[in-house]
Amino acid sequence: MDQRRLALLALHFIPGLGDYLIRQLVSYCGSAEKVFKTPKGKLRKVPGIGEITAESITLGKPFALAEKELRRAEKENARLIFFTDDNYPSRLRQVNDAPSLIYLKGDVDLENPKVVGIVGTRQATPYGKKCVEELVQALVAHRSLIVSGLAYGIDIHAHKQALKNHLPTVGVMGSGLDVIYPGAHIDTARKMMENGGLITEHPFGTQPDAHNFPARNRIVAALSDAVVIVEAAERGGALITAEIANSYNKDVFAFPGNIGQSHSSGCNNLIKSNKAHLITGIKDLEYIMNWGSDSKPAKKTAISLENYSPEERTVLAILLENDKQMMIDELSWKSNLPVSQLASVLLGLEFKGTISSLPGKMYKLVKT
């Protein structure tokens with residue numbers, strides 16, 4: 001049994017350790033294995049680690065639970081992907097509150113270049129379902145990955161339409177992989193394994209408790225390039241997903257609805273408050289995301305990097321090396337600059353006329 005992975009998993013079974021503290025401990029100690037070999041006094045110097053947590057770490061009891069979990073994952077044909085793994089989804093790496101471990105079951109490429117999250121009310125109307133059907137059908141041309149939450153209403157309809165149109169689709173769960181919720185969607189979940197799959201941050205046996213679902217929504221938002229809200233009341237999970245997506249600098253879209261319908265008020269308010277782009281069809285999505293553009297990749301240029309700040313040189317070097325336009329999330333990942341800091345750098349380069357911004361938070365070189 002791989003001791004490195006066993007130690008990483010064991011950290012997740014220590015009470016009081018969340019994603020942030022697990023990352024802090026691994027960074028402070030050098031590896032998960034070294035965390036368990038570090039004296040209690042040194043562990044307590046890590047911000048957030050108290051006496052009880054340090055004691056739990058030094059006892060090493062979580063290893064038995066970790067071994068059992070790994071055997072269960074093997075039996076269930078599920079993959080455990082840690083934040084230290086090379087195949088940890090690049091989109092999740094860009095957000096500060098991403099899970100330090102995800103459980104994945106199925107056959108899916110989470111690095112699909114075009115990922116669309118589709119969420120909405122559990123009380124879907126014929127209008128909402130039609131919006132989903134037309135959008136998913138149009139996304140076939142882009143070979144998009146469809147992400148949603150496997151819930152009643154818009155979510156499950158998005159999954160079913162993806163399957164119908166032979167698009168990969170992923171359901172993000174608020175429970176363990178072995179606890180499909182709601183149970184009525186078990187058959188659909190099984191079909192998704194053939195072209196897509198299921199993702200969760202929770203260990204096997206975790207029940208679908210209410211507090212798990214808002215946290216689940218952040219994974220839907222983080223995995224998506226565009227988040228589309230289809231019917232939403234004034235409050236609910238879909239609006240939480242939209243708020244999180246906006247905080248991640250993702251593009252959020254909302255289908256407008258009848259002002260007399262309660263399940264349209266959430267979408268209409270998002271549009272009215274400029275928290276979502278109005279979408280009536282695929283053309284709107286293509287324009288904002290720059291997916292329908294015929295623009296050619298930028299030609300290599302002979303920019304003198306000496307005239308720029310270190311952060312600007314890093315960004316320009318990446319654009320020069322890749323010889324193409326690039327999304328801000330990918331630039332953030334390649335440059336190791338937080339999106340908030342990168343946005344300021346990019347704005348400065350735009351003022352200098354070195355780069356230009358495109359729809360869909362894309363940037364390209366313009367200076368020759």
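Contact here means heavy atoms within 4.5 Å. Keep that in mind for the exercises below, which all work on a predicted model.

**Exercise 1. Work out how α1 and α6 pack, and which residues do the touching.**

Solution. Two packed helices are described by the angle between their axes and the distance between the axes. Start with those two numbers: α1 (residues 3-11) and α6 (residues 62-76) have axes 8 Å apart, at an angle of about 110 degrees. Angles of 65 to 115 degrees count as roughly perpendicular, so α1 is roughly perpendicular to α6. The crossing of α1 past α6 is right-handed.

Next, apply the contact cut-off. From α1 you get L6, A7, L9 and A10, and these meet P62, F63, A66, E67, E69 and L70 of α6. Sorted by class, this contact holds eight nonpolar residues, two charged ones and no polar ones.

**Exercise 2. Do the job again for α15 and α16: what is the angle, and which class names it?**

Solution. The axes of α15 (residues 310-322) and α16 come within 10 Å and cross at roughly 110 degrees. With 65 to 115 degrees as the window for roughly perpendicular, α15 and α16 are therefore roughly perpendicular to each other. On the α15 side the contact uses T314, V315, I318, L319 and N322, while α16 brings L331, K334 and S335. Split those residues by class and you have four nonpolar, three polar and one charged.

**Exercise 3. Classify the α11/α12 pair: parallel, perpendicular or oblique?**

Solution. Get the geometry: α11 (residues 212-223) packs on α12 (residues 237-247) at an angle of about 50 degrees, with the axes 9 Å apart. Roughly parallel needs an angle under 35 degrees, and roughly perpendicular needs 65 to 115. The pair is therefore oblique. As for handedness, α11 passes α12 in a right-handed crossing.

Now list the contact. P214, N217, R218, V220 and A221 come from α11, and G237, I240, T241, I244 and A245 come from α12. The class tally is six nonpolar, three polar and one charged.

**Exercise 4. Describe the largest pocket and find which element gives the most to its lining.**

Solution. Volume comes up front: about 490 Å³. There are 19 lining residues, and R91, P113, D225, M327 and E330 are the closest to the pocket centre. Then go by element. α7 (90-93), β10 (326-327) and α16 (328-335) each supply at least two lining residues, and α16 gives the most, with three. By class, the lining of this pocket has seven nonpolar, five polar and seven charged residues.

**Exercise 5. Repeat this for the second largest pocket.**

Solution. This one has a volume of about 390 Å³. Its lining has 16 residues, with Q94, N96, S332, P338 and V339 closest to the centre. At least two residues each come from α7, α16 and α17 (339-351). Here α16 provides the largest share, three residues. The class split is six nonpolar, six polar and four charged.

**Exercise 6. Track down two backbone oddities: where is the cis peptide bond, and which non-glycine residue has a positive phi?**

Solution. Take omega to begin with. The bond from Y181 to P182 is cis, with omega near -5 degrees. P182 sits in the loop between β5 (169-172) and α10 (186-192).

Then check phi. H166 is not a glycine, yet its phi is positive, about 60 degrees. Its place is the loop between α9 (154-164) and β5.

Methods. Residues are numbered from 1 along each chain as its sequence is written. This is a predicted model: local features need pLDDT of at least 70, side-chain atom pairs count only at pLDDT 80 or more; totals for chains, interfaces and linings use all residues. Side-chain values use heavy atoms; hydrogens and water are left out. On a 1 Å grid over the protein atoms alone, a cavity is a set of points where a 1.4 Å probe fits but cannot get out, and a pocket is an open set with protein on both sides within 12 Å along at least five of seven lines; lining residues have an atom within 4 Å of a point. Grid points are joined across faces, edges and corners, and a volume is the space filled by probe spheres set on the points. Helices (H or I, at least four residues) and strands (E, at least two) are DSSP runs, numbered from the N terminus. Ala, Val, Leu, Ile, Met, Phe, Trp, Tyr, Cys and Pro count as nonpolar, Asp, Glu, Lys and Arg as charged, and the others, Gly among them, as polar. Axes are lines fitted to C-alpha atoms, for helices over the stretch in contact, and angles run from 0 to 180 degrees between N-to-C directions. Angles under 35 degrees count as roughly parallel, over 145 as roughly antiparallel, 65 to 115 as roughly perpendicular and the rest as oblique. A crossing is left-handed if the near helix is turned anticlockwise from the far one by less than a right angle, and right-handed if clockwise.
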